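Explain how this protein meets its RNA strand, and then how its interior is packed. Keep it short.

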Amino acid sequence: MARHLITSAIPYINGIKHLGNLVGSQLPADLFARYQRARGNEVLFLCATDEHGTPAELAAAKAGKPVAEYCAEMHDVQAKIAEGFGLSFDHFGRSSSAENQALTQHFAGKLADAGLIEEVDETQIYSKADGRFLPDRYIEGTCPNCGFEDARGDQCDNCTKQLDPTDLINPHSTISGSTDLEERATKHLYLKQSQLRDTLQDWINTKTDWPVLTTSIANKWLNDGDGLQDRGITRDLDWGVPVKRGTQDWPGMEGKVFYVWFDAPIEYIACSQEWASGDEWQRWWRTDKGAGDVTYTQFMGKDNVPFHTLSFPATILGSGEPWKLVDYIKSFNYLNYEGGQFSTSRGRGVFMDQALEILPADIWRWWLLSNCPETSDAEFTWEGFQSGVNKDLSDVLGNFVSRVTKFCRSKFGETVPKAGTYGPEEDALIAELTKRIRAYEGHMEAMDVRKSAQELRAIWALGNEYLQDAAPWTLFKTDPDQAAAQIRLALNLIRLYAVLSAPFMPTTSAKLFVAMNSLDTSWPDDVTAALGSLAPGHEFSVPDNLFAKITDEEREGWAERFSGIRD
RNA sequence: GGGCCUGUAGCUCAGUUGGUUAGAGCAGAGCGCUCAUAACGCUUUGGUCGUAGGUUCGAGUCCUACCGGGCCUACCA
């Protein structure tokens with residue numbers, strides 16, 4: 001039995017995520033986790049909220065709450081929505097946990113012991129009105145290059161020139177608008193990633209099967225300009241993991257916290273400590289404690305790739321301790337919304353809570369996964385969504401279940417008919433099913449999400465093709481026994497579909513198991529045997545229609561409702 | 001500015017190391033079926049593969065230039 005450690009990029013705490021965030025990390029990770037469990041493998045699937053950093057502090061202030069309270073509430077909100085989407089985390093943790101705090105400090109201590117931490121004196125912009133140091137992006141002013149008035153401190157959005165905050169003319173805080181800014185001396189810890197450059201390059205070079213998107217971003221950072229740069233891992237903030245060297249105070253670093261991107265990936269490990277009782281987590285993370293046979297897969301959007309291919313591995317490798325390194329990084333492009341971008345800050349697009357208000361989770365799961373942005377950015381349009389969902393789910397799968405169960409009820413009652421035997425047509429179907437199921441498995445193992453969905457859909461369609469060819473409604477008049485055998489097979493197909501479709505649509509799958517009155521969720525390694533699961537005489541019930549069609553009126557209403565800023 | 005990705009039928013996308021008449025789903029057209037959510041099945045119409053050159057016996061696939069779209073560029077996360 002294989003062992004799979006699976007983590008999804010951890011969503012930031014400051015608000016509800018949109019569908020683009022969902023499809024870029026949590027949803028495909030859940031698909032993979034559910035599939036591996038269905039194949040009988042041991043899975044630990046982890047996710048958490050990423051709670052530190054300036055935006056969290058500002059969001060809390062805006063909500064008029066202490067940041068700890070705000071984060072606790074938002075964590076619960078995100079956890080509930082995740083549950084609504086059927087995300088099957090073994091644990092949904094928090095980067096602000098005591099476990100992560102201790103582990104982050106531990107790693108910092110080990111890195112310092114290894115000579116990989118440097119203390120750097122520097123100056124940063126301080127805003128007296130805001131009472132805080134400002135990250136470059138929170139300072140705006142006039143671009144010295146093109147005269148654009150709303151240039152950010154790191155880059156001008158108009159002429160794309162890279163800037164330093166001190167370059168700006170008439171700089172002001174984007175938080176308060178205050179122009180009372182000054183340069184202040186401060187000291188920070190830098191992780192000397194440059195010393196690990198060759199180690200990281202050698203490691204990345206072995207990952208020939210990773211998505212191009214993943215390795216090309218990593219190589220860019222490793223080789224651009226002077227190569228991998230050292231990186232500041234502390235900030236002058238109140239909310240975060242206090243800077244300590246292991247359990248010891250760090251002289252000169254009082255009142256400072258670790259940078260959110262330093263502690264966030266460590267939460268993957270800490271999350272397992274939150275989940276586990278005792279040392280159970282170690283057999284997933286420590287190669288000296290039984291994690292040697294673990295396959296570790298991470299899922300994330302492309303914006304997260306540098307931190308997962310370089311920063312976090314630098315932390316792991318630099319510690320000199322036997323931690324498990326990631327084996328495969330599945331990265332995604334972005335999902336666009338009706339010709340533009342989903343935007344959290346501007347409230348553009350459909351957000352996870354809104355999605356669940358208007359349609360069941362499985363419908364979203366199916367469309368998002370079968371259209372996920374694997375090779376390039378993908379496009380959400382209401383028309384495409386409507387036609388895709390109606391065709392695939394209502395017409396191909398839903399209607400198949402409906403026609404089979406209702407025909408059986410009217411001719412044979414709500415029991416699997418006993419008469420008749422299988423012949424060449426059934427053998428041909430089984431051969432075709434076997435071929436396609438093996439292909440489906442291959443795509444799922446490879447995490448080819450769109451291809452997996454395409455194959456699954458083709459497997460559903462085989463049922464309709466078979467029925468049309470067999471035509472039990474005609475045969476019933478002359479050879480009812482043969483029609484009975486055909487319907488027996490078709491009923492078994494429904495159970496088979498419930499098994500195969502479960503990773504994509506867990507709720508629908510569960511409904512089918514209930515209707516078929518079956519507890520047999522075993523994977524169809526032998527398709528012939530799987531199609532004998534529901535024995536002659538087995539009772540079942542006719543389910544309600546699985547998927548209501550999306551009407552034109554609904555589609556138009558939603559397109560209108562979600563055309564602007566979220567309410 | 002630099003780097004990476006991308007441009008294939010009306011739409012959304014597949015096209016393995018260059019190899020015969022370029023594929024799928026949806027949409028369109030025709031036929032069939034009537035068990036079913038007017039659902040299903042079969043057949044079929046659509047493409048000089050962004051443009052222009054080049055390499056090759058052979059290019060959607062490799063090279064160059066150009067045009068269009070996107071992302072990243074290290075202090076947002």
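Of the RNA strand B atoms within 4 Å of the protein, 69% belong to sugar or phosphate, and the rest to bases. This is a predicted model, in which local features need pLDDT of at least 70 and side-chain atom pairs count only at pLDDT 80 or more, while totals for chains, interfaces and linings use all residues. Residues are numbered from 1 along each chain as its sequence is written, chains are lettered from A and ligands numbered from 1 in the order in which they are written, and side-chain values use heavy atoms, with hydrogens and water left out.

Strand B is surrounded by 56 residues. A residue is near the strand if one of its heavy atoms lies within 4 Å of it. The closest are Gln-124, Arg-137, Gln-341, Thr-375 and Asn-399. The surface near the strand divides into 15 nonpolar, 21 polar and 20 charged residues. Here Ala, Val, Leu, Ile, Met, Phe, Trp, Tyr, Cys and Pro count as nonpolar, Asp, Glu, Lys and Arg as charged, and the others, Gly among them, as polar. Helix H13 gives the most to this surface, with 10 residues. Helices (H or I, at least four residues) are DSSP runs, numbered from the N terminus.

Individual atom pairs add detail. An N or O atom in the side chain of Asp-50 is 2.7 Å from a sugar or linking oxygen of RNA strand B. Asn-545 places a polar side-chain atom 3.3 Å from a sugar or linking oxygen. At Gly-227, a backbone N or O atom lies 3.5 Å from a base nitrogen of the strand.

Now the interior. The largest nonpolar core has 154 residues. Such a core is a set of buried Ala, Val, Leu, Ile, Met, Phe, Trp, Tyr and Cys residues joined through side-chain atoms within 4.5 Å. Buried means under 20% relative accessible area (1.4 Å probe, protein chains only). Phe-85, Trp-285, Trp-364, Trp-382, Phe-385, Leu-433 and Phe-504 touch the most other members. Another core, of nine residues, lies apart from it and includes Tyr-12 and Trp-239.

Aromatic rings pair if their centres lie within 6.5 Å, with planes under 30 degrees apart counted as stacked, over 60 as edge-to-face and the rest as tilted; for Trp, the six-membered ring is used. The count comes to 30 aromatic pairs. Trp-261 and Phe-307 are stacked, because their ring centres are 3.9 Å apart and their planes at 5°. Trp-261 lies in helix H8 and Phe-307 in helix H10, so the pair ties together parts 46 residues apart in sequence. Trp-382 and Trp-558 form a tilted pair, 5.8 Å centre to centre with 40° between the planes. Both are buried.

Methods. Buried < 20%, exposed > 50% of the residue type's maximum accessible area, 1.4 Å probe, protein only. Polar contact = N/O pair within 3.5 Å; in protein donor to acceptor, adjacent residues only side chain to side chain. Helix = DSSP H or I, 4+ residues; strand = E, 2+ residues; numbered from the N terminus.
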